[in-house]
Amino acid sequence: PTLIEYATFFGSIQIFKYFQHNNVELTNSLWLYAIHGKNPDIIHLLEENHIDPPNNKYEECFNEAVKCHHNDIANYFKINYLDDQNFKFYDLIKYYNFSIFQYNLINESFFYYLCQNECFTFVKILLFDEKIDVNQKIIFNKLF
């Protein structure tokens, strides 16, 4: 990592501003480092300087925040940059980050991913939920 990436990873806003003031190039890789650094000021500076996220997709930033369990940052990306169509539960389950998901968006695919990732406590809860039809064809096709 470069020095600015290192400073961003540790959330050092003063060092980040120093590099910025001295015309160090701000690259899109800084987004992922900023998520790890959990400093919203650095994220806002990246936005203000029109630095695009990796692959021009804020979904990658959201997924990285979910992976790190930095839910305040994940919620920021979800509210400001993602809509419900781009919101994927798979990463929430994959990284056991259940505090973000919303009950009203649970469907049969969600149930399948819970089974796949051995989240048996949640599977047991959903088995008794009338909203999820565990005999539905979509679950059967994914499982077999």
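**Notebook: core, rings and two odd loop residues**

I started with the largest nonpolar core, which has 35 residues, and found that Phe16, Trp31, Phe77 and Leu114 touch the most other members. A nonpolar core here is a set of buried Ala, Val, Leu, Ile, Met, Phe, Trp, Tyr and Cys residues joined through side-chain atoms within 4.5 Å. Buried means under 20% relative accessible area, exposed over 50%, and partly exposed in between (1.4 Å probe, protein chains only). I then looked up which helices feed this core: α2 (13-21), α3, α4 (40-48), α5 (58-67), α6 (71-81), α7 (90-94), α8 (108-116) and α9 (120-127) each give at least two residues. The largest share, 5 residues, is from α5. Helices are DSSP runs (H or I, at least four residues), numbered from the N terminus.

Note to self: this is a predicted model, where local features need pLDDT of at least 70 and side-chain atom pairs count only at pLDDT 80 or more, while totals for chains, interfaces and linings use all residues. Residues are numbered from 1 along each chain as its sequence is written, and side-chain values use heavy atoms, with hydrogens and water left out.

I checked confidence next (pLDDT, the predictor's per-residue confidence from 0 to 100). The protein chain averages 84, and 84% of the residues score at least 70. Helix α3 (residues 30-37) has the highest mean among the elements, 97, and helix α10 (residues 137-143) the lowest, 55. Where pLDDT is low, the predicted coordinates should not be read in detail.

I listed what Leu114 touches: Ile93, Phe98, Cys119, Phe122, Val123 and Leu126, skipping residues up to four places away in sequence. Contact means heavy atoms within 4.5 Å.

I searched the whole structure for aromatic pairs and got 11. One of them, Tyr76 with Tyr81, is edge-to-face, at 6.3 Å centre to centre and 75° between the planes. Rings of Phe, Tyr and Trp (its six-membered ring) pair if their centres lie within 6.5 Å; planes under 30 degrees apart count as stacked, over 60 as edge-to-face and the rest as tilted. Tyr76 is partly exposed at 25%, and Tyr81 is partly exposed at 30%. Ring pairs also link Trp31, Tyr58, Tyr76, Phe77 and Tyr81 into a cluster.

Last, I looked at backbone angles. Most residues other than glycine have a negative phi. Asn23, not a glycine, has a positive phi of about 60°; Asn23 sits in the loop between α2 and α3 and is exposed at 70%. His69 also has a positive phi of about 60°; His69 lies in the loop between α5 and α6 and is partly exposed at 38%.
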